[in-house]
Amino acid sequence: MSTIHTIPAAHPDLTLDPEERLDRPALEALQLERLQWTVHHAYAQVPLYTRKLDEAGVTPDDIRTLSDIVKLPFTTKEDLRSTYPFGMFAVPMTEVRRIHASSGTTGRPTVVGYTAGDLDRWASLIARSLRASGIRPGMKVHNAYGYGLFTGGLGAHAGIEKLGATAIPISGGQTARQVQLIVDFEPDAILCTPSYLLTIADAMEEQGIDPRSTSLKVAVLGAEPWTNEMRLELERRLDIDAVDIYGLSEVMGPGVGNECVETKDGPHIWEDHFLPEIIGEDGAPLPDGERGELVFTSLTKEAFPVLRYRTRDLTRLLPGTARPGMRRIEKITGRNDDMIILRGVNLFPTQIEEIVLGIETLTPHFILELSKNGRMDAMKVRIERHPELSRETCEAAAKVLAQRIKVHIGTSVDVQLEEPGALPRSEGKYKRVYDLR
């Protein structure tokens, strides 16, 4: 490969990985080299890809440029489930050093594997993500992502240690203990889902602790869609910087991309390891800047390479800012499979969250219940009233919420006030929608 030209770091005092400083031509040359290796590796070692490429009339040697990626077939979650448990592995089981799996709540779990090299690269990308979030070596990091088959806890843990920070492996749940350890251990940063951080803030207040008084400076939040309004709510309540980490188990786990704390304008994708695309409803590629479904091809994975994996996440690709050579994705606030169709109107739970958090007299604790009213679908927003405000004030706010949903989303909903603490609290990923139809 020709001489690599780099761009200056946005902050010269940061020690960036060399790949974070690549200019676009150098990055694309690296991507092509790694893409060609990945396609050869997947075709030779994964029967599903051998069959799919043969059926498409494509050989690995047909990938001569990055734009040739459109010749490759898509991979879907159903492909992963049909090869359960280990049919997608591209190395012998003797070379697999760890196995993770999704929850499998909507069918068979998707199972992923990692070689020793995969684990080292993953830890390095988590470390890069944490550094982009403002975490530095020597800081204490409270890791409240769930440990176990879920990729979040152990993946984040390895990255914390790789960065040279101190891991506090609390995992999820036991919220009262989480609060105690935050007070006693004085961590600098916390890793968890945004909804669970909200639960922790509530628990602090219930114990008479001002969430703004703790040692926390940074929250690295992911594993569920969340809005900028939620970011502002958490930053206000805890006096922190709240930064978005992006990933999914099928592609690696957390650390596929991350927001930079200096800009907070959507996760930069670590494109030296993952090649992103945006496609429309017909599967055709869309240009940067247009909104559609996010698709990923891994570039360096040994045990579990993926070609054009359809994530179902809806976003768009944007130019890099804090890391100019690498593109960003717009903050993901919805997925194809999260979409609710209500009387012909498409909506996402995050749209309701955005409206709720824009009304100061409402709390962020709400769920959506879908039911049938005769032959018509109906939706009820059950939301807790503010504990420090009168019921009359909260009822007025509930009416405003119903009006704004009607105006901004275009459908009528019922809003039902609940008493403080009546709704379930997040212990990890939060369930917003209950379909009772």
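Glu55 and Arg51 sit together in helix H2 (residues 47–56), four residues apart, or about one turn of the helix. Their side chains form a salt bridge in which the closest N and O atoms are 3.5 Å apart. Glu55 is exposed because its relative accessibility is 59%, while Arg51, with a relative accessible area of 41%, is partly exposed. Keep in mind as you browse that this is a predicted model.

**Salt bridges**

The count for this model comes to 43 salt bridges. Side chains of opposite charge can pair when their charged atoms come close. Here are three of these pairs side by side.

| Pair | Closest N to O distance | Sequence separation |
|---|---|---|
| Glu55 and Arg51 | 3.5 Å | four residues |
| Glu20 and Arg131 | 2.1 Å | 111 residues |
| Asp120 and Lys162 | 2.6 Å | 42 residues |

Glu20 and Arg131 form a salt bridge with the closest N and O atoms 2.1 Å apart. This pair links distant parts of the chain, with Glu20 in the segment before helix H1 (24–45) and Arg131 in helix H4. Is Glu20 buried or exposed? At 2% relative accessibility, Glu20 counts as buried. Arg131 is buried as well, with a relative accessible area of 10%.

Asp120 meets Lys162 in a salt bridge at 2.6 Å, N to O. That pair also links distant parts of the chain, from Asp120 in helix H4 to Lys162 in helix H5 (residues 151–163). Asp120 counts as partly exposed at 40% relative accessibility, and Lys162 is partly exposed with a relative accessible area of 42%. Through shared partners, salt bridges join Asp17, Glu20, Arg128, Arg131, Glu262, Asp272 and Arg323 into one network.

**Cavities and a pocket**

How many cavities of 30 Å³ or more are there? The count comes to three. The largest cavity holds about 80 Å³ of space. Its lining includes Tyr114, Asp118, Trp122, Met252, His273 and Lys301. Helix H4 (residues 116–133) gives the most to this lining, with four residues. By class, the lining of the largest cavity has five nonpolar, two polar and three charged residues.

The second largest cavity holds about 60 Å³. Among the residues lining this cavity are Ser195, Leu198, Pro364, His365, Arg425 and Tyr430. The lining of the second largest cavity divides into four nonpolar, four polar and two charged residues.

The second largest pocket offers about 690 Å³ of space. Of its 24 lining residues, Glu233, Arg237, Thr363, Pro364 and His386 lie nearest its centre. Helix H7 (194–206), helix H8 (228–238) and helix H9 (349–357) are the elements that give two or more residues to this lining. H8 gives the most, with five residues. The lining of the second largest pocket has eight nonpolar, four polar and 12 charged residues. Pro364 thus appears in two places: it lines the second largest cavity, and it is one of the residues nearest the centre of the second largest pocket.

**Surface patch and a buried strand residue**

On the surface, Phe86, Met93 and Ile99 form a nonpolar patch with about 240 Å² of accessible area together. Ile99 belongs to strand S1 (residues 98–101). Ile99 counts as partly exposed because its relative accessibility is 33%.

Val256 lies in strand S8 (residues 253–258) and is buried, with a relative accessible area of 0%. From Val256 to Ile135 the separation is 121 residues in sequence and 17 Å in space, C-alpha to C-alpha.

Notes: Residues numbered from 1 in each chain as written. Predicted model: local features only at pLDDT ≥ 70, side-chain atom pairs only at ≥ 80, totals over all residues. Heavy atoms only, no water. Patch = residues over 30% accessible without salt bridge, like charges linked within 9 Å, V, L, I, M, F, W, Y side chains within 5 Å. Areas by Shrake-Rupley, 256 points an atom, 1.4 Å probe, with all protein chains shown as cover. Buried < 20%, exposed > 50% of the residue type's maximum accessible area, 1.4 Å probe, protein only. 1 Å grid on protein atoms, 1.4 Å probe; cavity = no way out; pocket = protein on both sides within 12 Å on 5 of 7 lines; lining within 4 Å. Points joined across faces, edges and corners; volume = space filled by probe spheres on them. Nonpolar A, V, L, I, M, F, W, Y, C, P; charged D, E, K, R; others polar.
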